[in-house]
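User: I am new to this structure and would like to learn how to read its features. Could you please guide me through them step by step?

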Amino acid sequence: MATLEKIRSKSVFLIIVIGVALLAFIVGDALTNSQNIFGERTTIAKVGSTKIDFTEYQRKREELNNQLEEARRQNPAQFANFDTQVLAEMALDQLIQEKLVDAAAEKAGIQSSGNLLRYYMIENPQNQQVMDIVRQLNGNGLSVQTPQQAYEVIFNPKRNGLTDAQMEPFQKMWLNAEKQMKDNLKGMIYQRVLAGTVKANDLDKKALYNDYVTTANVDYAFLPFGNLDAKEYPVSNDELKKAYSEKKGLFAVEEKTKDVSFINVSISASAADRAHARELAQQTVSALRDSAGQLSKQIKKEGVGMTHRALRAADIPAGPIKDFVTSAPKDSVKLISENIQGFTAVRVGNRTVAVDSIQLNLVSAASEALGNKVLAALNGGLSADSITARFPLDSVAPQLDQWITLYTQDGPTNALPDETLDSLRNAGGRYVALQSGPQGMLIAKIVKENAPVTVYEYDEAEYLLGPSIKTVNDERAKLEKLLLENKTTADFVKNAEKAGYNPQQFSFTQSTPAVPRMMGMNSYYPDSRQVVRWAMIDGEDGEVSHIYESKNALSPALYVVAVERTYDDYVPVGNPSVKDMLTQQVRADKAGDKLVKKFSKNAQSVQSAAQAMGVAPQNASTFRFGGNSGIYDPTVMGKIAGTKADKKVNIVKGQDGVYVYQVNGNGKENFPFTDQMYGQQYYQLVNPNLIEMVRGDKKLKNNIYKFEAGD
């Protein structure tokens, strides 16, 4: 009783403790972004016992993002439309592959050699990390062209007029790249060893050879099924279930999957939006004429942007803008284009004459005192290419005949400030100090200047027409009405089309980057990763999401998704794609039986059967198994290859139609057998997936959407 009384006396205290603990649980769950508080909080994915940590994923994602930015810099047209929504899955896929291969290589005791490391770090210019270091060195004013030169500057700084402290960050970057390359090389070596285990034996190679050299002379006729009438060949649910059970292994899935219905509403500018754009174009032209080329705050607020350009004639894109800018007098204004995409207006500015590039001799010295001596020697007659003969090799660095670009296709580069350029030109062919301080001195002299060119200045006012806020809100209100009246998946699917929408069916998994625009294509609806996240984490069977929005100003879109069914072992027979495939197969099987029976009485010869089927007879004079002449059905190919040359007329159903064929004779090509050739053909035929070989039967657990809300 005394114990019970003690507990009762502390009941208020216990309630407070429990309340605090519950609050901590709720807050903790929110802070960990829906992660299981009892689970592995930082494991973004797991393959078997191999874990991918979130910090590793973040580093890989950042690495891929940097690679994309560099790719866009080098090939802007090719990568302009690359969808960044795929980066998350790309990062995870790469990490899984690396982890699996690294673990297998470690277990096999594989190491990389010094010669291989040197090749991939210095001799091979395709190493992205090394080339990034080269670019950063150039960005810091150190002219290096190759990995070998970069290595020399980084690890022999004094020889290049630099200090160890200056190069320490680059040394760390290089050593980090070297460590990563060592790991990559071990993986590469392991994959080569693994690929070498997939070899054909003598029987395999001979079988491939025989399939190629053994031929048959075949007469045949083919009647394709075409579009089979569903009424003539009905398919029952029992028939579908039977076909499904026979082929169930084809429908296994590796991770949890959800079948969904998805609506995309792409919003375009309305007629009112286009009328307003025409009025805005006239206001913009008037402003450019009446206010010395300035746009009012109101016009800018409407979305009209203005860019000042200073370009050489060769750099102005061919077309109406170039024609106008290079011919019209200063302060002229013209509406260049006006259409459903928006408008462009141009105001002509000054024309100037300028040099677009100059050639310099540059010399860097390790200290200001040494720089003054070098400067005096150069202006006293010492040639720049003899500078290292008079001064310490590790304290001076000449760079001769360096071209400095002052104008590019994008306009002035500002590579040299005006005062620096004036100083060089006013030096009268002598060397001058461009920079000087405790860290050293940079000395330069003009060697050559290109001939002056005309530079055209102009202001380009541009408006890109997109739907107004009112237009977007009107579309949202219409979609909200559909959701308000249809709160379950069944009602949503049944009534969406009646309301004027076109629901699309998809199967989402944790590895789906975003909602695909087209099946099988690497193209996704903008900002639709968030839609997949809701379906995979929050959406239950029968539930409909709220409206998601892609807020691109020019082409906004609204999205809604409804979850139909969830499965994690096999795609069920109710899946639309599976149902359609099985329905077609059952229907084709029925049609094949019926047509074989129908035309069997006409199969006294290929010609008579062809006539009855209404098709032309064909001949394959060199029919080969797997390499035939116009016959692509694998079942029929096998039957023909296994038929004796007895000139018997055969009629069979295939997957795509009915075939009548007659084997007239067999032959054999006189091709030599090459062991190496058919070994290679076997490998190409098998086409092994090395990563799947390493992975084996390890299950993938993908938690990526628990960490990322989408882009």
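Analyst: Let us begin with how strands are connected. Strands β16 and β17 are joined by a hairpin through six residues. This is a predicted model, and its confidence will be discussed below.

User: In which sense do β16 and β17 pair, and over how many bridges?

Analyst: Strand β16 (residues 548-550) pairs with β17 in the antiparallel sense, over three bridges. To follow one bridge in the display, start at E549, whose partner in β17 is L558.

User: Which strand do ten bridges join to β17?

Analyst: That strand is β4 (residues 257-266), which runs antiparallel to β17. Here V260 has V563 of β17 as its bridge partner.

User: Is strand β17 mostly covered or mostly open?

Analyst: To judge this, one asks how many residues of a strand are buried, meaning under 20% relative accessible area. In β17 (residues 557-567), eight of the eleven residues are buried, so the strand is mostly covered by this definition.

User: How should I read the nonpolar core, and which residues have the most contacts inside the largest one?

Analyst: One looks at the size of the core and at the residues with the most contacts inside it. The largest nonpolar core here has 45 residues, and those with the most contacts inside it are I44, Y190, F262, F508 and V515. Helix α5 (residues 87-108) gives the most to this core, with ten residues. Another core, of 20 residues, lies apart from it, with Y120, L137, M167 and F170 among its members.

User: Which residues does V515 touch?

Analyst: Not counting residues up to four places away in sequence, V515 touches F262, F506, F508, S523, Y524, Y525, S528, V531 and V532.

User: Why does Q435 count as exposed?

Analyst: Q435 counts as exposed because its relative accessibility is 54%, and the cut-off for exposed is over 50%. Q435 is placed in strand β12 (residues 432-437). Leaving aside neighbours within four places in sequence, Q435 is in contact with G440, M441 and L442. For a sense of distance, consider N176, which is 259 residues from Q435 along the chain; their C-alpha atoms are separated by 32 Å.

User: What is the mean pLDDT of the protein, and where does pLDDT stay under 50?

Analyst: Confidence is read first for the whole protein and then for each stretch. The mean pLDDT is 87, and 93% of the residues reach 70 or more. Over residues 1-39, however, pLDDT stays under 50, and the model has 16 contacts beyond four places in sequence for this stretch.

Technical notes:
Residues numbered from 1 in each chain as written. Predicted model: local features only at pLDDT ≥ 70, side-chain atom pairs only at ≥ 80, totals over all residues. Heavy atoms only, no water. Core = buried A, V, L, I, M, F, W, Y, C linked by side-chain atoms within 4.5 Å. Buried < 20%, exposed > 50% of the residue type's maximum accessible area, 1.4 Å probe, protein only. Helix = DSSP H or I, 4+ residues; strand = E, 2+ residues; numbered from the N terminus. Contact = heavy atoms within 4.5 Å. pLDDT = per-residue confidence, 0-100. Pairing = 2+ DSSP bridges.
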